[in-house]
Amino acid sequence: MLRKMVLLASTALALSLGAAAPTLAEPVKIRVVSKDFTPSNPDDVKHLKRIEEALRAQGTDLDIELVDLPSSGYADKLSVMLLSGDIPDLIYFQGGDAKMVEQGVLEDLGPMLADTKYLKDALWPHNVERLKNYPYLLYVYPVRGPQPVIRKDWLEKTGLKAPETVEDYVTLFKAIKDGDLDGNGVADSYGVTTADNTNELDSIFNQAFGITGTWMKNAGGEWVHARTTTQEKDKIAFYASLREQGLYDPEYITTKFDVKEDKFYTGRAGVIFGSSGEVIDIYGGKMRQVHPGTELVLLSPPKGPGGQGLAAVDVSKESRGFAISSVSEHKAEVMKLLDFMASPEGQMFDRLGFEGQEYTKDGDAYKVTDKIATWYARFMVAANWTPPVVWQSEAAQQSLATIQKDFKPDNTFVWPADYAADLDATENVYRSWVYKFISGAAKMDQWDQYVAEWEAAGGKRLNEYARTVLDAQK
């Protein structure tokens, strides 16, 4: 503001002296904070520079500044930064956004989206539904549905075909554990590992055990949380049996995503989950850096006693994504940036990387290089953009096809703020008991004790409210 006042005073003085008014041609500065998108990465800086140049050619002059926020512990570090009053114009959240909405820090994206040229048509169906329920976060990517992958050479060494049933998965995990596939002379490879919790396993085993959604009917016809059902009990008992047999990594509870990946690359785990086709190809690219020529194979959701398919998708809100600060003085410019990234030119930049680096061009023919495997879109993957060349691996393409084929919206909903404590408490109870069941610290015959504790922690209140919402939808 002070700088603007000085400029205005200078202009007035020049006019009073009969001089020509100066031309104010400085670009509009917008600040962006995002995970794995930092000023210390040369490609990130180059990427922004060409975006600025393209926008300038269209009449929008921006100076885009990347905020340097470490990827490790990103969500916590972001919250600290925002609560201190340092609020960038465009903010990528991976949790913690609800607190900012409560404080009025995030902009309702609906009205601005309606006026965009490209972005409004680039949304995926789940984006549209989530924005209706929670119009503050935008994550224009295919649904993130963790799916399992294995090294092709390891699958071949087992002599097994890709698993089709729950029992087939157990057989595969045993073959990985007992087969010394990494050749180190020790049977020290787990069949599967996950990061932090069992969510990744749930993505393919929920439907197999009959868990069709977050809310299910009990024997009395009442809605109850699926985590208290007999189907959930059977699934957790299955996970516990995997751990007991040495097939599921018992360190999953303390394993972060980077550690999970490292266990995969070093042969400590045979199967891990990729949350998207893009992530699967990043895994493949990194694996080839350690083991040249290695390909990954996508494994399908198994058939089980309850069915088959990927877990139901929550459409109540985005769990991650970009938000625009409500206190930003440059909301329109930020939306112009996002709209450009949804355009054909913006998608070429964001999806294909750099000519001569991630791809080459000969006339109208495009060819990707090996570096495309580790390139990822920094902003979005538009649903309506068709790339000039297919570069994703077969496993990545199959993962997207599976997500589309198996897509099923969940019956979750947005909770009123006064249920936050109940949600947190029941989540903690659930995670604690799941770990106890899997680790062997608790036996499955203590299931009723777990359910009682879950209900006492706020679960009974959650069930009661859910019934009012779900019964009203009839």
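Start by selecting D180: at 26% relative accessibility, this residue counts as partly exposed. You'll find D180 in the loop that runs between helix 8 (166-178) and strand 5 (190-192). Check its backbone while you're there, since phi of D180 is near 45 degrees, a positive value in a residue other than glycine. Keep in mind as you click around that this is a predicted model.

**Another positive phi**

Now jump to D36, in the loop between strand 1 and helix 2 (42-57). Here phi is near 60 degrees, again positive and again in a residue other than glycine. Is D36 buried or partly exposed? D36 has a relative accessible area of 35%, so put it down as partly exposed.

**Helix 3 and its two faces**

Select residues 74-83, which make up helix 3. Colour Y74, L78, S79, M81 and L82, the buried residues of this helix. Then look down the axis: those buried residues fall within an arc of 165 degrees, so they line one face of helix 3. A reminder that helps with this view: an α-helix has 3.6 residues a turn, so residues three or four places apart point the same way.

Spin the helix around and pick D76 and V80, exposed residues carried on the face of helix 3 turned away from its buried side. To see what sits over the buried residues, show strand 1 (28-33), strand 3 (90-93) and helix 4 (97-102), which are among the elements covering them. Before moving on, step just past the end of helix 3 to G85, where phi is positive at about 100 degrees.

**Helix 6, seen the same way**

Next, select helix 6, residues 125-133. Which residues of helix 6 are buried? They are H126, N127, R130 and L131. Those four cover an arc of only 135 degrees around the axis, which puts them on the same side of helix 6. On the face turned away from that buried side, look for the exposed residues P125 and K132. Turn on helix 5 (110-114) as well, as the cover over the buried residues of helix 6 includes it.

**Strand 8 and a buried phenylalanine**

Go to strand 8 (residues 269-274) and pick F273. With a relative accessible area of 1%, F273 is buried. Bring up its surroundings, leaving aside neighbours within four places in sequence, and you get contacts with P146, Q147, P148, V192, T193, T194, E200, L201, S203, I204, K260 and Y283. For a sense of scale, draw a distance from F273 to V105: the two are 168 residues apart along the chain, and their C-alpha atoms are separated by 34 Å.

**Helix 11 against helix 12**

Two of those partners of F273, K260 and Y283, lead to the next stop. Select helix 11 (residues 257-265) and helix 12 (residues 277-290), whose axes come within 10 Å and cross at roughly 50 degrees. That angle makes helix 11 oblique to helix 12, and the crossing is right-handed. Show side chains for K260, E261, F264 and Y265 on helix 11, and for I282, Y283, K286, M287 and V290 on helix 12, since these make the contact. Coloured by type, the contact residues divide into 6 nonpolar, no polar and 3 charged.

**Helix 10 against helix 16**

For another helix pair, select helix 10 (residues 230-244) and helix 16 (residues 420-439). How far apart are the axes of helix 10 and helix 16? They are 7 Å apart, and the helices pack at an angle of about 45 degrees. Helix 10 is therefore oblique to helix 16. On the helix 10 side, show E232, K235, I236, Y239, A240 and R243, which meet Y430, V434, F437, I438 and S439 in helix 16. By type, the residues of this contact divide into 7 nonpolar, 1 polar and 3 charged.

Stay with this pair for two acidic residues. D234, in helix 10, is partly exposed with a relative accessible area of 45%. From D234 to E318 the chain covers 84 residues, and the C-alpha atoms are separated by 29 Å. Finish on E427 in helix 16, partly exposed at a relative accessible area of 28%. Draw one last line to G459: this residue is 32 residues from E427 in sequence and 9.4 Å away in space, C-alpha to C-alpha.

Key:
Residues numbered from 1 in each chain as written. Predicted model: local features only at pLDDT ≥ 70, side-chain atom pairs only at ≥ 80, totals over all residues. Heavy atoms only, no water. Axes fitted to C-alpha atoms, helices over the stretch in contact; angles between N-to-C directions. Helix = DSSP H or I, 4+ residues; strand = E, 2+ residues; numbered from the N terminus. Parallel < 35°, antiparallel > 145°, perpendicular 65-115°, else oblique. Left-handed = near helix turned anticlockwise from the far one by under 90°. Contact = heavy atoms within 4.5 Å. Nonpolar A, V, L, I, M, F, W, Y, C, P; charged D, E, K, R; others polar. Buried < 20%, exposed > 50% of the residue type's maximum accessible area, 1.4 Å probe, protein only. Arc of directions from axis to C-beta.
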